[in-house]
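Hi,

Here is the structure I promised to hand over. Have a look at it first, and my notes follow underneath.

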Number of protein chains: 4
Amino acid sequence: MGEPCFDIAHLGHVEVLTDKFEESLDFFTRVYGLKLSAREGDCAYLRAWDDYEFHTLKLTASETTGVGHIGYRVSSEAALARRVVAIEASGYSVHGWVDGDAGHGRAFRFEDPFGHVFEIYWETRKFEATGDDVPALKNMSSRFHGVGACPRRLDHLNLLASDVTEFRNFMQTCLGSRVTEQIRLDNGRLGGCWFTINNKTYDLACTEEHGKGANRLHHVTYAADQREDILRAADIFLENGVHIETGPHKHGIQGTFFLYVWEPAGNRVELANAGARLILQPDWETITWTETERKKGQAWGLKTIETFHTHGTPPGETNGGT
Amino acid sequence: MGEPCFDIAHLGHVEVLTDKFEESLDFFTRVYGLKLSAREGDCAYLRAWDDYEFHTLKLTASETTGVGHIGYRVSSEAALARRVVAIEASGYSVHGWVDGDAGHGRAFRFEDPFGHVFEIYWETRKFEATGDDVPALKNMSSRFHGVGACPRRLDHLNLLASDVTEFRNFMQTCLGSRVTEQIRLDNGRLGGCWFTINNKTYDLACTEEHGKGANRLHHVTYAADQREDILRAADIFLENGVHIETGPHKHGIQGTFFLYVWEPAGNRVELANAGARLILQPDWETITWTETERKKGQAWGLKTIETFHTHGTPPGETNGGT
Amino acid sequence: MGEPCFDIAHLGHVEVLTDKFEESLDFFTRVYGLKLSAREGDCAYLRAWDDYEFHTLKLTASETTGVGHIGYRVSSEAALARRVVAIEASGYSVHGWVDGDAGHGRAFRFEDPFGHVFEIYWETRKFEATGDDVPALKNMSSRFHGVGACPRRLDHLNLLASDVTEFRNFMQTCLGSRVTEQIRLDNGRLGGCWFTINNKTYDLACTEEHGKGANRLHHVTYAADQREDILRAADIFLENGVHIETGPHKHGIQGTFFLYVWEPAGNRVELANAGARLILQPDWETITWTETERKKGQAWGLKTIETFHTHGTPPGETNGGT
Amino acid sequence: MGEPCFDIAHLGHVEVLTDKFEESLDFFTRVYGLKLSAREGDCAYLRAWDDYEFHTLKLTASETTGVGHIGYRVSSEAALARRVVAIEASGYSVHGWVDGDAGHGRAFRFEDPFGHVFEIYWETRKFEATGDDVPALKNMSSRFHGVGACPRRLDHLNLLASDVTEFRNFMQTCLGSRVTEQIRLDNGRLGGCWFTINNKTYDLACTEEHGKGANRLHHVTYAADQREDILRAADIFLENGVHIETGPHKHGIQGTFFLYVWEPAGNRVELANAGARLILQPDWETITWTETERKKGQAWGLKTIETFHTHGTPPGETNGGT
């Protein structure tokens, strides 16, 4: 193995599609606790209070649900150029350069074999807090407003793919991602894979799609600081009639303390604490979990709820999803 | 500014000197909750339960206290070579190659202008848990044993230097560190500086030395996962007669939730939660705090205790230290 | 000592005076997180989300600050009659029966030797949640709304008296209170006294007044469930420009995890976790702390801030208070 | 309804039977974190660090598992006399006076219709901390030793009865308990009932037995201060190979944050935070949950695990239990 790649800096933003735009927007702002940076036409640009960019969630009104595109910010202008060369040489589908959204400059778009659209960009629009939104401490991106679940920053997303091994190739080739953990099924296939391009334990995960279609989203996650924030959020979701799918509990894989809910349009949204554990080790060796190990349930024995294996957005072709 | 440097992977270990070896060792293992990897002659090699290397703290019996040396692990063999070239070209004092301690391979040593000895290394000895120490979850480095304060990993250290600006030059030149935050005094000097070489907000800090000598240590810090772990640790320190200097409270700078105690030989040891906030932003601009801002106290108004400005180890030349 | 007295059930409500009514009301509702039950003329009736009575805080516009009156609810109609007999026989100043405020039935009023007005009552108005305020779980008094610090219930208050021993006599005679802890100064006087009439460790405390007047309030406290709620509240106070006097930290006396702020009119308000420790023991023996023990500071060594000994409301006669 | 009864002060201790005495004792001391007060013959007397009595758990070697007897401490000598009169008049089975165990004076024993033996007593042996066990703060019963899950105090137990309504009569008649919450099944029977005799929300619960025998125990519970303590305990149980049955999660009924494990002999043991919510209200009206409401699962939607409805100790007659 050669030197680790540092061209990609971090997951930048996720575009989420909703067919219940106003309800989704109300959920993400009032209940989940993101802040609205701007609203333009059919889109809302949202960010967590300590996200430094203008937006980390682009919520787009649509006839369907799921993920629009995924943006990663690179480490420098030169790194962007290097990545573009690598992606163009990869053979994966390339969309090419697009003007950036409200929150960043030009971006280079490409696509994984399962229909998910990615982009990478360097120039960005840093959020500038003004007025009541100026934080008390100058090292925070904006005021901790204490609304709803109130996560600190975008953390990761999880995509569904019918061939996780192929998806892994895509991530390693195009983004230079490292695989921190993975599930090896008894049939030899990969059941899931967790990727990182920095010191986070993961910024993107992929789990196996079971025939419900292409280009599906499993979930998007923001990070809260403390496990107590997540327990508190469970009460807030409960009081606001949000569908709590499972949690709070601790994942065996990655050790993340999690809580999964479905926003009004059905997209799965997680709140997690994802900072306590870091991968600082440059020569980290992928942890591989067997199917038997996974069947033990989550860290403290909670059996994974059935919908977690079937529900994704959009709902899917064959049976309308869960 | 050019591209960020990724040659250094992370702070690897700190050697702490003690003139009360047995008492210090008892503190670090039974009360602070590190694990003993090995004891060789006058040294004990210690690690937190999720540190992946053989040791992160080398405790050395000595006639004095303070820091012996500081080790950083690089990102690859090639990165090591690049750093050696840069350090040799820097003009800073070079000790050259040494055999590694019990926990790692050969290391390249050099020194800052204030007498602190640094080393960088690539080859390391990864900790292999055996027997009762094998963790329940295979993605953990060893068993969470729940002893004492029980931090997860080495986090950072703080050194004293009579010229923080000069120290900053050293860190930028030799390690390629970024400066995430700093204090600018009214007299124009830097009062403190916080450095990182990865996504942590800092792995080393430097604050101004006020005439008590050279090569002094302000504190060494391990990270706990939750703020509650730190509150709980305060009770454990209290029940074990450990001198609690200040905290738990939240730093304004870096936002760290902290607790400072003095181990039996007088070295200041911190327990902090340092993972919630990350610096993922590749073009982070240094936050500069003014002297006036610092005088407001910590995040929630706690005035910084006087000993925090005066006590370091070894105690110092002029008055025996605090 | 005879059998314990159970005539008084719990602290019912506190009337707080403010000369900045709108600002105080904004603080108590938006930042501290109480709910407004009603507003009548110069008064607002407030309660925490799990308080079962119509109000636990009566906020009254006034030319001054401090405490208006303190209400305790009795255990039964018969217990009320017994207490009235005891109070009338006590020789303490009796105001007699008054119609209750918006939140309860008739009340019997009396006064301690330092000018604080107390009342006891049986008939009360239980809060009936309607509409959006109906909680998700039927064993909660109203919806957990997650606004501001969002405490669960009224906990206790602290009054100043120039003779704590005399105040202790008053509490034992009139309310049948138990003394759970107290401070004995080197001069033989009581420096402070903590009282309870149920299984809480205290519902009222009294500390020594140092010549700033009569009828003064030291602070009023609501209880939050978790220490993390209090750490989180500190950030909320910080972001809202509230004066944080001291904390979060842990009291040595009573072991309470505390945070003290001043509401806009200057009344000291605490947020504390006061449920973990209970006094279930029927023959509890008063814990007496010496002056030397107190000088060690709070549980983890924090020195008590000077204003804590001097600031009360109203500000006081001689120097306008702190 | 007449005046509330205050004759019983609190749940005092529970005798738990084990057919794996040494393993159970190791679990309760090293993993669960109780302290050993004494060991006499086939019994061990245990207490949590802040329990004021000599013991709150009597662990007795036996050929079976389950509960030996349940002790409640009364409020005074006179209250003891009153209760004895009431119990003798009740028609329930009376065992009469017995000498107390190591931890208390003479006790009056009686039995519920389902075979559980109760006792009430006044004279007790208060724990006197000595040597290393003396706490840093004099208002604590002994040193916070930080071993294992390390709960603060005995909280409650849960018994199985084939007729919960009849059990409720027993508790009201013999102990003067209040019913704070209950489950009314669609068939009209009570499915469960929660009792208190002080300001705790419950000190004893009873749930319906489904034909597995008499005199069975569902679980015994100690209280930890913070929810974080319970999350941390889950890791400790995991690392020590303890069977985690379900949790951490939050009960809808009573709002308790819970974690259930089975100690080595199979007795279910809970760790819960049970102090945040108190029943201070003297005229509390019983909350009644319907079968439909219960089927929604716990507070955040977790479905109750099947073994929770079937497993008890001893295992039961028909099928050896779960």
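**What E3(C) touches**

Not counting neighbours within four places in sequence, E3(C) is in contact with S75(D), S76(D), A78(D) and A79(D); contact here says that the C-beta atoms, placed from the backbone, lie within 7 Å. Before going on: this is a predicted model, where local features need pLDDT of at least 70, side-chain atom pairs count only at pLDDT 80 or more, and totals for chains, interfaces and linings use all residues. Residues are numbered from 1 along each chain as its sequence is written, and chains are lettered from A and ligands numbered from 1 in the order in which they are written.

E3(C) sits in the segment before strand 1 (8-18) of chain C (strands are DSSP runs of E, at least two residues, numbered from the N terminus). E3(C) counts as partly exposed because it has 13 C-beta neighbours inside 10 Å; 20 or more would make a residue buried and 12 or fewer exposed, with C-beta atoms placed from the backbone. In space, E3(C) is 9.0 Å from D283(C), C-alpha to C-alpha, though they are 280 residues apart in sequence.

**How C and D are related**

Chain C superposes on chain D by a rotation of 180 degrees with 0.0 Å of shift along its axis (RMSD 0.0 Å), fitted by least squares on C-alpha atoms of residues with pLDDT of at least 70 in both. The two copies are therefore related as by a two-fold rotation axis. In chain C, G275(C) has the C-alpha nearest that axis, 2.3 Å from it. Of the interface residues of chain C, 100% are also interface residues in chain D, so the copies meet through the same surface.

Cheers

Note on methods. Two residues are in contact if their C-beta atoms, placed from the backbone, lie within 7 Å. Helices (H or I, at least four residues) and strands (E, at least two) are DSSP runs, numbered from the N terminus.
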